[in-house]
Amino acid sequence: MQASNDILPATGPAIILVEPQLGENIGMVARAMANFGLSELRLVNPRDGWPSEKARAAASRADHVIDAAVVFDDLASAVADLNFVFATTARSRDNFKPVRGPVEAGRALRARQRSGQRTGILFGRERFGLYNDEVGLANEIVTFPVDPAFSSLNIAQAALLMSYEWMKSGLEDETKTNFSSPDMMPATKEQLHGLFAYLEGALEARGYFRPAAKKPKMVDNLRAVLTRAGFAEPELKVLRGIISSLDRFSPAMPRGDGSPGDDPRRLPAAARATKATDKDQA
């Protein structure tokens, strides 16, 4: 059906699939669109008809895109109300149309949308893409920087790439993410030096620094490794807890087999060494 009167105002470019063959691919395109804020899907003569339960299932709850999809009898009708159209293709065409990459294309679409223009992106058949005369209905070509030896993209993959570039072009900061890591206070030098001292004592009690003449250099290396990471306070607490557990417990005397105070062997290694020295001096 031709339903130009049913077309809702677009908040982004219309995605136009020319003679798509599989309902599953249409559904995956709808899902990709919904991921990045697009909602207007136009279908030109879908091979297996419309509506499609296979498309709905593959859309993974992008039902608003599926429900609003409009079917057209021909491509000319599908683009009639649009001011500017990109055609996607993986191969060179014998025409004079400008060719852009996806980043530049996304920004161009955003600029035209902000000026009030209605835009669209054409995607061809799964097997062989768009005919030259169909590309001729577009204003410009967009192509992806793929390996020339294997340049064919599934239409859902191509739609995902363009939908992503569309959304990214509207961000104030293109590197901004929807969530970030916890905001943690960097550890103070005092806290870091406390970890150094604790670790050095545990290693000293186990005879790690051998030969003794190399101890200063080995300590320098340990501190270089631990200072390069730029630890936060919570991270130092995790490391100190790990060292403490290794220092107090062993396979022969694991955690849960009595408290550290039940057996002198459960004292930290550095404390055991100090206690033994005091006993010898007494």
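## Helix α9 and its C-terminal end

In this predicted model, helix α9 is followed by Gly230, a residue whose phi is positive, near 70 degrees. The helix itself comprises residues 215-228. At 1.5 Å a residue, its 14 residues should span 20 Å, and the end C-alpha atoms are indeed 20 Å apart, so the expected and computed lengths agree.

## The two sides of α9

Three residues of α9 are buried: Met218, Val219 and Leu226. Because they cover an arc of only 100 degrees around the axis, they lie on the same side of α9. These buried residues pack against helix α8, residues 189-205. On the other side of α9, Pro216, Lys217 and Arg228 are exposed.

## Strand β2 and its covered faces

In a regular strand, side chains alternate between the two faces of the sheet. Strand β2 spans residues 41-44, and both of its faces are covered. Leu41 and Leu43 are buried on one side, while Arg42 and Val44 are buried on the other.

## Neighbours of β2 in the sheet

Strand β1 (residues 14-18) runs parallel to β2 and is joined to β2 by four bridges. Within this pairing, Ile16 stands opposite Arg42. Between the two strands the chain passes through helix α1 (residues 23-35), forming a right-handed β-α-β crossover.

Strand β2 also pairs with β3 (residues 70-72), again in parallel, through three bridges. Here the bridge partner of Arg42 is Val70 of β3. Arg42 thus has Ile16 opposite in one pairing and Val70 as bridge partner in the other.

Technical notes: Residues numbered from 1 in each chain as written. Predicted model: local features only at pLDDT ≥ 70, side-chain atom pairs only at ≥ 80, totals over all residues. Heavy atoms only, no water. Expected span 1.5 Å × (residues − 1). Buried < 20%, exposed > 50% of the residue type's maximum accessible area, 1.4 Å probe, protein only. Arc of directions from axis to C-beta. Contact = heavy atoms within 4.5 Å. Pairing = 2+ DSSP bridges. Right-handed = clockwise from strand over helix to strand, strands pointing away.
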